[in-house]
Amino acid sequence: MHSPSPIIKSSLIEPDGGELVNLVVPEIERASRVLEAQALPKVSLTKIDLEWAHVISEGWASPLKGFMRENEYLQSLHFNSLKTTKNGSSIVVNMSLPIVLAIDDETKERIGCSTHVGLLSPNKVLIGILRGIEIYKHNKEERIARTWGTTVDGLPYVDEAISKGGNWLIGGDLEVFEPIKYNDGLDDYRLSPQELRNEFERREADAVFAFQLRNPVHNGHALLMNDTRRSLLEMGYNNPILLLHPLGGFTKVDDVPLHVRMEQHTKVLEDGILDPKTTIVAIFPSPMHYAGPTEVQWHAKARINGGANFYIVGRDPAGMPHPTQNRDLYDPDHGKKLLSMAPGLDKLHILPFRVAAYDIVHKKMAFFDPSRAKEFEFISGTKMRSYAKNGENPPEGFMSPSGWGVLANYYQTLQTEDC
């Protein structure tokens, strides 16, 4: 006879370091700070740099208060964590990805002896100041090898952000003049950690379970999320709230674009596949590294700061196919195993992803049963693109009809553009 599952009681989880970082300048001080920045040497940000400034400024990386100085960078790179203090005591928080700002030789020379620099957006708008700066060497090979576990060619983030980046890193305390916006019609979905926590409190959540994805939602995902809520209710929680939290920063070129994914997610809620009363859909602004077990720690840690005390993790989280070999880049089980051992993540409850597939007999998505393996079909992204290309629908019960309509239109548009 199995023992009953333990009942775990909690309110909203405490942010890392005990306090949520907010680096947005108060409105009354903005004009004077902008005038100050205009007189400082300038550092130009790429789109990915701006996404990281967004992440830092809202507190997703709490207790980090700026782009990393060298001591923080080395701790992150080699230990996947940072030492900090809370109430006078030393503590360790998870920080598995270095959050750094690269500059080139010309910019370094232009900064000279200045202790502060102004930050320019990709559109050449002053968005903030980096104070108390430190400039140090950017050893790209070491950074790539320790973050990805390989230096193989074809790593998307490396190609886009690191290889093109300068040979120096600049760290310091960040302040931004206003909340960062993208004016792409999706800013209302970009809820900060504090805004999410306020919404969880408003809904009287006594548990928050986060599900990150960078793909469209099919009914297998919905099955998992609904089953997780049922399990939390059985554990004694009264009102578990789902944070459906798609990644909204840099993604590789063959991923479904953010605006398509957000429209598809909205349709899934409209079709009743997920309950809008117990679901919050918001965008996580972080860029994607595709660094497997190293990166999944960052994804989990950031959700602590967003208020989640449960995190759903599946097969090969933050992974990708090997760029040059016909296999996964990472062992697909290592991410979920690592989260239970990672430094600084002890307070987060990890919920393993149960594998779902299409049940041919019952014509719906169901949890995979190995004893009936021949009665299940795994429908890949490639298969979905094939359905759309041929004007076909996936099997009944695989995805909400309206959600599939959004996705099919996107794939058909791609096909037209390729012709």
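This briefing covers salt bridges, one strand and its partners, and selected helix residues in the structure above. The model is a predicted one. The structure holds 26 salt bridges, and the one between Arg 190 and Asp 187 is taken up in the section on Asp 187. Strand E11 is described through its two covered faces, and helix H8 through its buried residues.

**Asp 187 and its surroundings**

- Asp 187 sits in a loop that runs between strand E7 (168-176) and helix H7 (193-202).
- The relative accessible area of Asp 187 is 15%, and because the limit for buried is under 20%, Asp 187 counts as buried.
- The side chain of Asp 187 forms a salt bridge with the side chain of Arg 190, at 2.8 Å from N to O.
- The pair also appears as a polar contact between the two side chains, at 2.8 Å.
- Arg 190 has a relative accessibility of 8%, so Arg 190 is buried.
- A polar atom of the Asp 187 side chain also lies 2.8 Å from the backbone nitrogen of Asn 183.
- Once neighbours within four places in sequence are set aside, Asp 187 is in contact with Lys 181 and Tyr 182.

**Salt bridges within helices**

- In helix H7, Arg 202 and Glu 199 are three residues apart, about one turn of the helix.
- The side chains of Arg 202 and Glu 199 form a salt bridge, with 2.7 Å between the closest N and O atoms.
- Arg 202 is exposed at 59% relative accessibility, whereas Glu 199 is buried at 18%.
- In helix H8 (residues 219-234), Arg 230 and Glu 234 are four residues apart, again about one turn of the helix.
- Arg 230 and Glu 234 are joined through their side chains by a salt bridge of 2.7 Å, N to O.
- Arg 230 is partly exposed, with a relative accessible area of 38%, and Glu 234 is exposed at 59% relative accessibility.
- Both spacings fit a general rule: an α-helix has 3.6 residues a turn, so residues three or four places apart point the same way.

**A salt-bridge network**

- Five residues, Glu 29, Arg 33, Glu 36, Arg 131 and Glu 175, are linked in a network of salt bridges.

**Strand E11 and its partners**

- Strand E11 (residues 310-313) is covered on both faces.
- Phe 310 and Ile 312 are buried on one side of E11, and Tyr 311 and Val 313 are buried on the other.
- In a regular strand, side chains alternate between the two faces of the sheet.
- Strand E8 (residues 207-211) runs parallel to E11 and is joined to it by two bridges.
- Within the pairing of E8 and E11, Phe 209 has Phe 310 of E11 as its bridge partner.
- E11 also pairs with strand E12 (residues 349-352), in the parallel sense and over four bridges.
- Val 313 has Pro 352 of E12 as its bridge partner.
- E11 and E12, together with helix H11 (residues 334-339), make a right-handed β-α-β unit.

**Helix H8**

- H8 has 16 residues.
- From the first C-alpha to the last, H8 reaches 22 Å, close to the 22 Å expected at 1.5 Å a residue.
- The buried residues of H8 include Asn 219, His 221, Leu 224, Met 225, Asp 227, Arg 229 and Leu 232.
- These buried residues of H8 pack against six strands by name: E8, E9 (240-244), E11, E12, E13 (356-359) and E14 (364-367).
- After H8 comes Gly 236, with a positive phi near 115 degrees.

**Pro 293**

- Pro 293 is placed in helix H10 (residues 292-305).
- Pro 293 is buried, because its relative accessible area is 15%.
- Not counting residues up to four places away in sequence, Pro 293 touches Pro 317, Tyr 330, His 334, Gly 335 and Leu 338.
- The C-alpha atoms of Pro 293 and His 265 are separated by 26 Å, and the two residues are 28 residues apart along the chain.

Methods:
Residues are numbered from 1 along each chain as its sequence is written. This is a predicted model: local features need pLDDT of at least 70, side-chain atom pairs count only at pLDDT 80 or more; totals for chains, interfaces and linings use all residues. Side-chain values use heavy atoms; hydrogens and water are left out. Buried means under 20% relative accessible area, exposed over 50%, partly exposed in between (1.4 Å probe, protein chains only). A polar contact is a pair of N or O atoms within 3.5 Å; within protein, one must be able to donate a hydrogen and the other to accept it, and residues adjacent in sequence count only if both atoms are side-chain atoms. Contact means heavy atoms within 4.5 Å. A salt bridge is a side-chain nitrogen of Lys or Arg within 4 Å of a carboxyl oxygen of Asp or Glu. Two strands pair if DSSP finds at least two bridges between them. A crossover is right-handed if, with the strands pointing away from the viewer, the path from the first strand over the helix to the second runs clockwise. The expected span of a helix is 1.5 Å times one less than its number of residues.
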